[in-house]
Structure formats: C-alpha cells, structure tokens
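Biologist: I am new to this structure and would love a guided close look at one part of it. Could you pick a helix, walk me around its surroundings, and then show me a few other spots for context?

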Amino acid sequence: MSNPRKVLIFGKHGQVGGQLVNQLAQREEYAVVATDIEDVDLTDDTATRTLVIEQRPDWVINTSAHTAVDRAETERELAHQLNAVAPRVIAEACSEIGAAMIHYSTDYVFDGSASVPYVETDQPNPQSVYGITKLEGERAVLSALDHSLIFRTAWVYSKDGKNFVNTMLRLAGERSEIKVVCDQYGSPTLADDLAAMTIGALGRVVVDTDFSAYGIYHATGQGVVSWAGFSGEIMRLSGNSQVKVHPIPSSDYPTPAPRPAYSVLSNHKLKQQFGLELPHWQDALGRCLG
Ligand SMILES: NC(=O)c1ccc[n+]([C@@H]2O[C@H](COP(=O)([O-])OP(=O)(O)OC[C@H]3O[C@@H](n4cnc5c(N)ncnc54)[C@H](OP(=O)(O)O)[C@@H]3O)[C@@H](O)[C@H]2O)c1
C-alpha cells in the first residue's frame, strides 16, 4: 500500500470530530492527528497556523466551531473568531503547504423563508450571529484555498454530544409532558453518518487525480421533520411514549437567536458528484438510540 495520507482534525472532542477520529482510525490509508482546544486554542491565530505548517498534513478537517447558537448572540467576537477567523487562518496555512481542507457550515446561513429545499447556489441570508459568522467562515475558506470542500449540515446529534436528542432524553426522565416547537422544519443529521459521508467523499477525491469539483455541498440526513415531530419519535424509540409532546409555535418559545422556519437542504449535488447520500433521519435515530 502507498504511504497513508495525513489528516489533521480540529475538534476531536466534538460530535463530528469524535466520529471522524473513530472511523478514520479503522482505515489504514489515513494517518490521523487529532486536536482540540487543549492542543491548540483557535483564538490563537499564530498557534493555529504553526500547527498546520508543522504537521504538514495532506488534508485538514475542521469540525471545531462556536456552535452554541443562542450564546453566540452575546459572544459575537468569540463566535466571529472561531467561525470565521480561525477557518481562514487554517485555509491560508493549507494553501501555504499545498494541503486541502474540509470544513463544515450550517443551514442557518439561510433565512428559512423558502418552501422547497435550499440548493447550494441559493442566496444566503443568515438571521443570527451564528449564521452570519458561519457564512463569513465559508467565504473566507473558499477565497483562501481552491482545494476546499464545505459541507453545510443541520440539526447534528450523536449519542454522547450536547444536542437535542440528549436534552429530550433528560427531560423524559424529569417530566410527563414537554412543549416543543412545531413550526420549524429541518433534517436531523447523525454525526456518525456525516463522518462516514465525509470519509467517503475524501476517498473519492484522493483517488481522483483530476478532481476539481471543490466548493459547497449540502449534507444532511434524508427526510424532513419538525422539532416536535422529532421529539415524538425520540420518545417512541427510546421507550418513553408515556411522555406527552405538546406542539407549540416558535412565538411561544422565544430564543435569543432566531431560527429559520424551513431549513431543509437539497442533497442532490452531493449525490450527483460523489454518489453519496446520508441515511433517512428515522433510520439514523433508531441506530443512535438502539
Ligand atoms: N451541532 C449542530 O447542530 C450543527 C448544525 C449545523 C452545522 N454544524 C456545524 O458542524 C460542525 C461540527 O459541529 P459539532 O456539532 O460536531 O460541534 P461541537 O460538538 O460543538 O464541537 C465543536 C468543537 O470545537 C471545539 N472548540 C470550541 N472552542 C474552541 C477553541 N477556542 N479552540 C479549539 N477548539 C474549540 C469544542 O471544544 P469544547 O467542547 O471544549 O468547547 C468542540 O470540541 C461545526 O462546523 C458546526 O458549525 C453543527
């Protein structure tokens, strides 16, 4: 076998980063170096750049981000640093050493006023600090580095992370009734499936010496559901059907950051280019809770 490709991962303790580390460890064609805040704090641009230059990876996968959507409203500078500046610094360092980069973005770059799934060329119009800074990050990566892939994903959860599924499971142990918003629609995405798709796409690019289709791809679980519908299925599949889920409008559950009402992303381009498709959200939830 030829020399393994070196992959540097930022965000190894996160939902997607953790899955990438686990799954790549089983593949002998990759040599992984995984980092998180204890190795390099992404608020330190010099340390971030130095790490990439010194490691000289073939690929960098950046999963780290300021993902606390409501807190970002009051932590604007930190969100800007982690979601926009650090990705630019990483992309510039990749450009210096001839590495390629995979980065993740979000459905929250859209305002949610659509009624059909968003495609990659649709005009973004983020409504929150998180969405604004993630969009800045996309643009910074794309302008600093030709060889970059950006996967816009949504509603990410995993068995261990801080996420909606685990919040619902905790509430199921505390309450007999919960209120959940029913007028925001999206596509839940299991981090395991996003990581598997990422590794699939990476493998195709690595073997295709003529690959040139870099840029943005939408990558979410298949299917569409509201948060209330998702919650009902979490209760059912986790054996908590006795917990009553009351659907409520978003106006009854105000949050610091506004959320898009409809943030469904068409995954057509991903399938067409890479032949890859994430499983349906119900299938994924069953595996996560099984
Ligand atoms: N979660 C979602 O629902 C969702 C939806 C759409 C898009 N995305 C995007 O998908 C990607 C992966 O999301 P995820 O859910 O896997 O994220 P996550 O679980 O929140 O992980 C983010 C990682 O970044 C690390 N980090 C935070 N501040 C840092 C710093 N100053 N220096 C270095 N590392 C730092 C975090 O460390 P600590 O844990 O120590 O803070 C954590 O390990 C992100 O780009 C995110 O924007 C996520």
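Modeller: Happy to: what follows is a tour that starts at helix α7 and then visits a few other places. Please keep in mind that this is a predicted model, and that residues are numbered from 1 along each chain.

Let's begin with α7 itself, which covers residues 227-237. Its buried residues are W227, A228, F230, S231, E233, I234 and M235. What do these buried residues pack against? Their surroundings include two helices, α5 and α9 (281-289). Strands take part as well: β6 (156-157), β7 (177-181), β11 (225-226) and β12 (244-248).

The helix α5, residues 164-172, is a good partner to look at next. The axes of α5 and α7 come within 10 Å and cross at roughly 60°. The two helices are therefore oblique to each other, and their crossing is right-handed. On the α5 side, the contact is made by F164, V165, M168, L169 and A172. On the α7 side, W227, F230, S231, I234 and M235 take part. Sorted by kind, the residues of this contact are 9 nonpolar and 1 polar, with no charged ones.

Now turn to the other helix partner, α9. Here α7 and α9 pack at an angle of about 40°, and their axes are 10 Å apart. This pair, too, is therefore oblique, and the crossing of α7 and α9 is right-handed. From α7, the residues F230, E233, I234 and L237 meet W281, Q282, L285, G286 and L289 of α9. The residues of this contact divide into 6 nonpolar, 2 polar and 1 charged. If you follow individual side chains, F230 and I234 are worth finding: they appear in the contact with α5, and they appear again in the contact with α9. Both F230 and I234 are among the buried residues of α7.

Just after α7 you reach G239, which takes a positive phi of about 75°. Most residues other than glycine have a negative phi. With that in mind, two residues elsewhere deserve a glance. R56 is not a glycine, yet it has a positive phi of about 45°. You will find R56 in the loop between α2 (45-55) and β3 (59-62). W155, also not a glycine, has a positive phi of about 45°, and its place is the loop between β5 (148-153) and β6. Are these two residues buried or exposed? R56 is exposed, with a relative accessible area of 51%, whereas W155 is buried, at 9%. The strand β6, which follows the loop of W155, is one of the elements that the buried residues of α7 pack against.

The loop of R56 leads us back to α2, the helix that comes before it. The axes of α2 and helix α3 (residues 76-97) come within 9 Å and cross at roughly 35°. This crossing is right-handed. D45, T48, R49, V52 and I53 of α2 make the contact with Q81, V85, V89, I90, A93, C94, E96 and I97 of α3. Its residues divide into 8 nonpolar, 2 polar and 3 charged.

One of those α3 residues, C94, is buried, with a relative accessible area of 0%. Another cysteine, C288, counts as buried at 7% relative accessibility. How many disulfides does a search of the whole structure find? The number is 0.

To finish, compare two residues in different settings. I9 lies in strand β1, residues 5-10, and counts as buried because its relative accessibility is 0%, under the 20% limit. Leaving aside neighbours within four places in sequence, I9 is in contact with G17, L20, V21, L24, V32, V33, A34, T35 and I61. I9 and N62 are 53 residues apart in sequence, and 5.9 Å apart in space from C-alpha to C-alpha. K271, found in helix α8 (residues 268-274), is partly exposed at 44% relative accessible area. With neighbours within four places in sequence left aside, K271 is in contact with L276 and E277. K271 and D41 are 230 residues apart in sequence and 35 Å apart in space, C-alpha to C-alpha.

Note on methods:
Predicted model: local features only at pLDDT ≥ 70, side-chain atom pairs only at ≥ 80, totals over all residues. Heavy atoms only, no water. Axes fitted to C-alpha atoms, helices over the stretch in contact; angles between N-to-C directions. Helix = DSSP H or I, 4+ residues; strand = E, 2+ residues; numbered from the N terminus. Parallel < 35°, antiparallel > 145°, perpendicular 65-115°, else oblique. Left-handed = near helix turned anticlockwise from the far one by under 90°. Contact = heavy atoms within 4.5 Å. Nonpolar A, V, L, I, M, F, W, Y, C, P; charged D, E, K, R; others polar. Buried < 20%, exposed > 50% of the residue type's maximum accessible area, 1.4 Å probe, protein only. Disulfide = S-S within 2.5 Å.
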